[in-house]
Amino acid sequence: MKITLAHGSGGESTSRLIDSVFAKYFSNPVLNMMEDSAVVSGNDKIAVTTDSFVVTPVIFRGGDIGRLSVCGTVNDLLMRGAVPKYITSAFIIEEGADTDTLEKIVKSMADTAKEAGVTVICGDTKVIEGNGGIYINTTGVGFVKASTDIVSTNIREGDAVVVSGTMGDHHATILSARMGIENNIESDNAPLGIMVREMLKQGIELHAMRDITRGGLGTVLNELAKASHTNIEIEEKKIPVSDEVKAFAKILGLNLMHMGNEGKLVAFMPFEQAEKAVEIIKNCPYGEKAQIIGRVKHGKGVTMITPLGGKRQINVLYGEGLPRIC
């Protein structure tokens, strides 16, 4: 069945769509009340984030826009040390979208929410004129312990720079799909809750964390260096990149430092705790390629030591990093 404008009218067609697709997978006691707002238990200190997902294609190797929307939202909460609890889900659907595709996306979203430990507590569906596109907006809420203070301004000289895995996987996946390039590269879209919880549980003094998404590692590190008034120095040969992504980037002339992910983080902690942090991450799902890639120093900006021992400045991404990866 194809989506029509009637599915966004608020009438019988809307009810049938909600019952047959959304309620089928998102069913829970809070959502099933179908009230205008959800009332849930709270916490003294909460983290809140919101995001919109417009990626094309909506289903790609290793994931889809539904899984991506949950991962992107919960990972933003996790980067502040929050325990993700609730998520909202608003779908904007263009007429002509296929309900089988929509159901796959909703099921994937529900499965990923379960994996991430969050509950979809409310949502909305709008149907607009168009050519079958599907877009998702989410808001996430997480609980933060009063003693937790993970923020970019806490980065200090001497801190280690740790990444949880290979760079550029998601970016290369989406670009491959858009260009019709056949390869085995898969998106890394994944919720990172277990590795964050384990680091905190085992006493890693996390000063700051960021998930490495749009703009890639280079842009994220520049934002953190600016916020903390420090120089972040990394070693090019220590940055994990799969052979396929490395070859893909070389063929197309892409800068690996500006290729985004959707299931990787960069974390800062005292250097003496870095090896322990890497071992913790490696023993968690999605963290087997974790690596110490650098150290925080006095100064400004981001510098990279090349394999020949030279240094070069790493800047933020300028312009639009095509294609849109989320």
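# Reading the terms in this model

User: Why is His229 called exposed?

Analyst: The relative accessible area of His229 is 67%. Exposed means over 50%, buried means under 20%, and partly exposed lies in between (1.4 Å probe, protein chains only). The value for His229 is over the cut-off, so this residue counts as exposed. Before we go on, note that this is a predicted model, with residues numbered from 1 along each chain as its sequence is written. Local features need pLDDT of at least 70 and side-chain atom pairs count only at pLDDT 80 or more, while totals for chains, interfaces and linings use all residues; side-chain values use heavy atoms, with hydrogens and water left out.

User: Where does His229 lie, and what is its phi?

Analyst: You will find His229 in the loop between helix 6 (216-228) and strand 9 (231-235). Helices (H or I, at least four residues) and strands (E, at least two) are DSSP runs, numbered from the N terminus. Phi of His229 is near 55°, a positive value in a residue other than glycine. That deserves a remark because most residues other than glycine have a negative phi.

User: What makes Tyr286 partly exposed?

Analyst: Tyr286 has 33% relative accessibility, and this falls between the two cut-offs, so the middle label applies. Its place is in the loop between helix 8 and strand 11 (291-297). Tyr286 also has a positive phi, about 75°, although it is not a glycine.

User: Why is Asn183 called buried, and which residues does it touch?

Analyst: The relative accessible area of Asn183 is 14%, which is under the limit for buried. Asn183 lies in the loop between helix 4 and helix 5 (193-201). Leaving out residues up to four places away in sequence, Asn183 touches Arg61, Ser176, Glu244 and Phe248, where contact means heavy atoms within 4.5 Å.

User: What makes the pair Asn183 and Ser176 a polar contact?

Analyst: A polar contact is a pair of N or O atoms within 3.5 Å; within protein, one must be able to donate a hydrogen and the other to accept it, and residues adjacent in sequence count only if both atoms are side-chain atoms. The side chains of Asn183 and Ser176 are joined at 2.9 Å, so the distance fits that limit. The side chain of Asn183 also reaches the backbone nitrogen of Ile185, at 3.2 Å.

User: Why does the length of helix 2 (residues 65-78) agree with what a helix should span?

Analyst: The expected span is 1.5 Å times one less than the number of residues. For the 14 residues of helix 2 this comes to 20 Å, and the end C-alpha atoms are 20 Å apart, so the two agree. At the start of helix 2, a side-chain oxygen of Asp64 reaches to within 2.8 Å of the backbone nitrogen of Gly66.

User: How many residues of helix 2 are buried?

Analyst: The count is 13 of the 14, so helix 2 is largely enclosed by the rest of the structure.

User: Why are helix 2 and helix 3 (residues 99-116) called roughly parallel?

Analyst: Their axes come within 7 Å and cross at roughly 30°. Axes are lines fitted to C-alpha atoms, for helices over the stretch in contact, and angles run from 0 to 180 degrees between N-to-C directions. Angles under 35 degrees count as roughly parallel, over 145 as roughly antiparallel, 65 to 115 as roughly perpendicular and the rest as oblique. The angle here falls under the parallel limit, which gives helix 2 and helix 3 their label. Their crossing is right-handed. Among the residues making the contact are Ile65, Gly66 and Arg67 of helix 2 and Ile105, Ser108 and Met109 of helix 3.

User: What makes helix 4 (residues 169-179) oblique to helix 7 (residues 243-252)?

Analyst: The axes of helix 4 and helix 7 come within 10 Å and cross at roughly 55°. That angle fits none of the three named ranges, so helix 4 is oblique to helix 7. Helix 4 passes helix 7 in a left-handed crossing. A crossing is left-handed if the near helix is turned anticlockwise from the far one by less than a right angle, and right-handed if clockwise. Ser176 of helix 4 and Phe248 of helix 7 are among the residues that meet there.

User: Where is Gly294, and why is it called buried?

Analyst: Gly294 is in strand 11. Its relative accessible area is 10%, under the buried cut-off, so the label follows.
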